[in-house]
Structure formats: C-alpha cells, structure tokens
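Visitor: I am new here. Please walk me through this structure, one feature at a time.
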Amino acid sequence: MQPRKTDLARTALQAHRAPLDMRQRRLLILCDGQRTVADLTGLLGQEAPAMVIQLVQAGYLSTGTGATAPAPSPAAAVASVPTAPAAAPAAPAIERRRSLVAARIYVLGILEMQRHPKAAALFRDLQQARAEEEVLQRLQSAMQMLPALTSDGYCQRVRQRLLEALPLAHCDAFAATA
C-alpha cells in the first residue's frame, strides 16, 4: 500500500492549524503515493503503520482509489506485529528524539527567519552558547522576545514544537519559567 495525502492533509500542512504532532506532520509530508508503509516504517520507526491507520481514519491520507480494499492491508501489517511489544519500544524511540541540541537547532531556525536585529543578536548568542544552562537561558530569551515580532498563534505553535523537542527534564523547568 502506498498512502497519499488528501486535500485535507495538504490544507493542514499549509495552514499549520491542524491538531497534528511533529511525527504525524513528518508522516504526511513523506506520504507521496510512491512510498510503501514498509518504506515509511524504515524512515519513521515502528509506529508508522499505526500512524498511517490513524491518519487514514481521520481523513488525512487515502490508500488509493478503492479505499475499502487496501484498508485491511495496513491493519493486517499492524496485526501481524504484536501490539503490546510494539507499544513499549515506541515510547523510548520517541524519547531518544528529544534533545537539547534538537531544540536549539529548531529555535535557531525560527530566529533565522525573523528579520529583526534583536532576533539576529539572539541567534548569534544561542549559536555561541555551549553550556547547558546558557543554552536554556538563550532559548527562554528567544521565547520571551518572539511575541513582539510575530503573532500569538505562531508563538504558541513554536512553543509547542519546542516543548516537543526538549528533554522532559528541561521541558518542566522551561514551562515553569516561561
């Protein structure tokens, strides 16, 4: 089966307003009608078949012209893998993706898109920060400055994505001070 995006998915990816997390957005981007579920599993991990089923049911993905015939295919693929063991390894795989480096790179990208001298200065400061506490301080400074440069909705989405990338220990401290 080669899932492809629906019009709803294209709209959601363009508008950034759909209730999708980063993993679901990545999956939607990769579903071009040429990659199979096995290919997606290789790229995104063992949770990909389950996410494909969720996104098909939510209307973000289609499985082809005959939606009823191919639909059992991903379900059969997921059913062939025991669900209890698949759920257990999925959590550590997601946890490994959380890192201070990923959060730093994400915020650097956001700051780089802002065309303002304060954003450029924060970009340089964050880029030069090496110590963990210094990086966290620069991230907090960036999140405090961003509302003055962009809309509230954009700031909330950036904050949400940042909290998805930060390690849980830093996430709690960051949310408490933010």
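Guide: Let's start at the end of a helix. Right after α4 comes Gly59, whose phi is positive, near 90 degrees. Helices (H or I, at least four residues) and strands (E, at least two) are DSSP runs, numbered from the N terminus. His16, which follows α1, also has a positive phi, near 60 degrees.

Visitor: What should I know about the model before going on?

Guide: This is a predicted model, where local features need pLDDT of at least 70, side-chain atom pairs count only at pLDDT 80 or more, and totals for chains, interfaces and linings use all residues. Residues are numbered from 1 along each chain as its sequence is written, and side-chain values use heavy atoms, with hydrogens and water left out.

Visitor: How many helices and strands are in the chain?

Guide: The chain has eleven helices and two strands. Along the sequence they follow the pattern β-α-α-α-α-β-α-α-α-α-α-α-α.

Visitor: Where in the chain is confidence lowest, and where is it highest?

Guide: Confidence is given as pLDDT, the predictor's score for each residue, from 0 to 100. Helix α5 (residues 72–80) has the lowest confidence, with a mean of 40, and helix α8 (residues 117–128) the highest, at 94. Across residues 65–96 the pLDDT is below 50, and this stretch has 14 contacts in the model beyond near neighbours in sequence; a contact means heavy atoms within 4.5 Å. For the chain, the mean pLDDT is 79, with 77% of its residues at 70 or more. Where pLDDT is low, the predicted coordinates should not be read in detail.

Visitor: How do I read burial along a helix?

Guide: Look for residues that are buried (under 20% relative accessible area) or exposed (over 50%), with partly exposed in between, using a 1.4 Å probe and protein chains only. In the chain, 34% of the 178 residues are buried. Take α1, residues 7–15, where Ala9, Ala12 and Leu13 are buried. Viewed down the axis of α1, these buried residues lie within an arc of 95 degrees, so they line one face of the helix. The arc is that of the directions from the helix axis to the C-beta atoms. Exposed Asp7 and Gln14 sit on the face of α1 turned away from its buried side.

Visitor: What covers the buried residues of α1?

Guide: The cover includes β1 (4–5) and α2 (22–30). In the loop between β1 and α1 you will find Thr6. Its relative accessibility is 18%, so Thr6 counts as buried. Leaving out residues up to four places away in sequence, Thr6 touches Gly59, Tyr60, Leu61 and Ser62. One of these, Gly59, is the residue just after α4 that we began with.

Visitor: Which residues of helix α4 are buried?

Guide: In α4 (residues 48–58) they are Ala48, Pro49, Met51, Val52 and Leu55. They span an arc of only 160 degrees around the axis, which puts them on the same side of α4. Ala48 counts as buried because its relative accessibility is 0%. Ala48 is in contact with Leu27, Leu40 and Thr41, not counting neighbours within four places in sequence. Between Ala48 and Val37, eleven residues apart in sequence, the C-alpha to C-alpha separation is 7.4 Å.

Visitor: How do I read two helices that pass each other?

Guide: Compare their axes: lines fitted to C-alpha atoms, for helices over the stretch in contact, with angles from 0 to 180 degrees between N-to-C directions. Angles under 35 degrees count as roughly parallel, over 145 as roughly antiparallel, 65 to 115 as roughly perpendicular and the rest as oblique. The axes of α2 and helix α3 (residues 37–44) come within 11 Å and cross at roughly 135 degrees, and these two helices are therefore oblique to each other. Arg26, Leu27 and Leu30 of α2 make the contact with Leu40, Leu43 and Leu44 of α3.

Visitor: At roughly what angle do the axes of helix α7 and helix α10 cross?

Guide: Their axes cross at roughly 160 degrees and come within 8 Å, with α7 at residues 100–113 and α10 at residues 152–165. The pair is therefore roughly antiparallel. Residues of α7 including Tyr106, Val107 and Ile110 meet a set in α10 that includes Val158, Arg161 and Leu162.

Visitor: Which residues in α9 meet α10?

Guide: Met143, Leu146 and Pro147 of α9 meet Cys155, Val158, Arg159 and Leu162 of α10. The axes of α9 (residues 132–149) and α10 come within 10 Å, crossing at roughly 160 degrees, which makes these helices roughly antiparallel.
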